[in-house]
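Here are some short exercises to work through with the structure open beside you. Try each task before reading its solution.

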Amino acid sequence: MTQSSEFRRYLVDINSALTHQQSTDYLIIGAGIAGLRAAIEAAQHGEVTLATKGTVEDSNTWHAQGGIASVLDKADSFDSHIADTLRTGGGLSDEKIVDIVVHQGPQLIRQLLNWGCAFDMDAGNIATTLEGGHSHPRIAHAHGDETGRIIAQTLIAKAREQRNVNVIENFFTIDLLTENNKCLGVIGWHKDKGLQIIWASNIILATGGAGQLYRETTNPSCATADGLAIAYRAGAVLQNLEFVQFHPTTLYVAGASRALITETLRGEGAVLRDVKGRAFMKDYNPAAELAPRDIVSRAILEQMLKTKSTHVFLDIRHFDKEHFSKRFPVISEICESFEIDISKDLIPVRPSAHYMVGGVKTDDLAKTNIENLTACGEVSSTGLHGANRLGSNSLLEGLVFGRIAGQTAIAPRPSENRRPLIKYEIPHSKLAYLDMPDLRYSLRAVMWRNVGLTRKAHDLKVAIDQIRFWQRYVMDKQFDNPQGWELQNMLTVCLLIAQSALARKESRGVHFRRDYPDTDNQNFKIHTEIKRAE
């Protein structure tokens, strides 16, 4: 395990005696599928506070176009789903965790259906489709490519039905408060009330992903790796941070924000073509467009380099346009907004950062190495995904481990007089002018260029040196707004990712080293762990 002591413990001054305070039984940080499902579960046992830095609609779940994978067809089997997950995981998936998630999935998806989730149906059953990496059609969708939003709306409504669930929006969690390796609560900032402390018997971290660390990403602006950073500062073990998954196909229109083009299209017959119009995927893998995401992403990148182009194309001209607009309303609307006629035009696409495979290390009960702190969803590393996530297993993991985290975090409410006095002062720093938008863009560009789809030692070392340079005049500052704290969190996690990628001298799953292109099971069939030194 690598230990690092490069960052201070808290980002702001703390004096708990002088800060507005409140208490709760369960504090859940994050409002995606994992956080919402945890809130619903924990609400059966006590008072729940769910805090999110934006609104409950600001999550990767809400924006997820892809579906949720599970064994819902009699022709499918648990063994098949388990085998697909383990094969994609590159030898690092935990078989016990895979078994738990795969077996619990169908029950929880049908529970969502009973709660009113409008899954696409076929003859009275939840309809399923095929996706790359899966050996059987097992991907459930809702309103075509609006699956995430429909699931989120269902869970939000269910959570709001619970009388003892209190939702706090626009609350930025700055840091976890700890004493003797025990999590006691958080210090955060509310846009109307300023600094606040929330004490809790149990804290569930469900803050989502880290796509905004990269210049090209499918993730919304909220995905700035905050949960990874606050867990690291608190002393949690982070695992496998080098494994960052890139989605092969995001709409590429210069100057426009990237929009994900779901891989369900490839599952239903879409063809990737280069700028010369040539279908190229069979040159890279026999499964062609149905190969796992990491293979498709690297193939696209290689073909872009060969043809000296900024993108490739997705060809769906053979699709029925009317059916397509009903089946994929979001993508259809996006294409129309850029005047792309899918019956005549090719869709320009390229890979983008999509999913953080690694995260806060947890066990099969969602527990971290810090007492009273559990983690679930994309911020966690449960062992399900290993070195590479099988498509549509992420919503499934969030659903299953959200419930598990809610079940695990059951304890009595803390006594009011047991709140410790926490005082922390940050040494004065000369306040230099910081162009934070420029710094943020530059950081994301370095990550995209040097710590992206393909990596090598020289590029990783350049990135590490550059990030450390920026840290020297950013990390010592005390900010009073989310933009500053996000930048500090991003700098923290970017360095940890680059260091983890440098340490893994092999290629495995989504981690591809040009200088170590082979998989080295003898030396690296292990998890990369990193923890802040005490």
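**Exercise 1.** In this predicted model, decide whether Asp226 is buried or exposed, then find its salt-bridge partner.

*Solution.* Start with the accessibility: Asp226 has a relative accessible area of 10%. Buried means under 20%, so Asp226 counts as buried. Next, look for a nitrogen close to its carboxyl group: the side chain of Lys53 meets that of Asp226 in a salt bridge, with 2.6 Å from N to O. Now place the two residues: Lys53 lies in the loop between β4 and α2, while Asp226 belongs to helix α6 (residues 226-234), and the pair is 173 residues apart. Lys53 itself is partly exposed, at 24% relative accessible area. Finally, follow the charges outward: Lys53 and Asp226 are linked with Arg440 and Glu486 in a network of salt bridges.

**Exercise 2.** Which residue forms a salt bridge with Arg233, and how many residues separate the two?

*Solution.* The side chain of Arg233 meets that of Asp175, with an N to O distance of 2.8 Å. Arg233 sits in helix α6 and Asp175 in strand β11 (residues 171-179), which puts them 58 residues apart. Then check accessibility: Arg233 is buried at 1%, and Asp175 is buried at 0%.

**Exercise 3.** Find the salt-bridge partner of Glu506 and classify Glu506 as buried or exposed.

*Solution.* The partner is Arg508, and the closest N and O atoms are 2.7 Å apart. Glu506 has a relative accessible area of 0%, so Glu506 is buried. Arg508, at 3%, is buried too. This pair can be set against the full tally of 27 salt bridges in the structure.

**Exercise 4.** Describe the surroundings of Thr49.

*Solution.* First locate the residue: Thr49 is part of strand β4 (residues 48-51). With 2% relative accessibility, Thr49 is buried. Beyond its neighbours within four places in sequence, Thr49 is in contact with Thr24, Tyr26, Leu27, Ile28, Asn166 and Ile168. One of these, Thr24, also shares a side-chain polar contact of 3.1 Å with Thr49.

**Exercise 5.** Work out the strand order of the sheet that contains β8, and say why β5 and β8 are its edges.

*Solution.* The sheet is open, with 3 strands in the order β5-β9-β8 and antiparallel pairing. β5 (68-69) and β8 (128-129) each have a single partner strand, so one side of each lacks a neighbour in the sheet. To see one pairing up close, go to β8 and β9 (residues 139-140), which are joined by 2 bridges. There, Thr129 stands opposite Ile139.

Notes
Residues are numbered from 1 along each chain as its sequence is written. This is a predicted model: local features need pLDDT of at least 70, side-chain atom pairs count only at pLDDT 80 or more; totals for chains, interfaces and linings use all residues. Side-chain values use heavy atoms; hydrogens and water are left out. Two strands pair if DSSP finds at least two bridges between them. Helices (H or I, at least four residues) and strands (E, at least two) are DSSP runs, numbered from the N terminus. Buried means under 20% relative accessible area, exposed over 50%, partly exposed in between (1.4 Å probe, protein chains only). A polar contact is a pair of N or O atoms within 3.5 Å; within protein, one must be able to donate a hydrogen and the other to accept it, and residues adjacent in sequence count only if both atoms are side-chain atoms. Contact means heavy atoms within 4.5 Å. A salt bridge is a side-chain nitrogen of Lys or Arg within 4 Å of a carboxyl oxygen of Asp or Glu.
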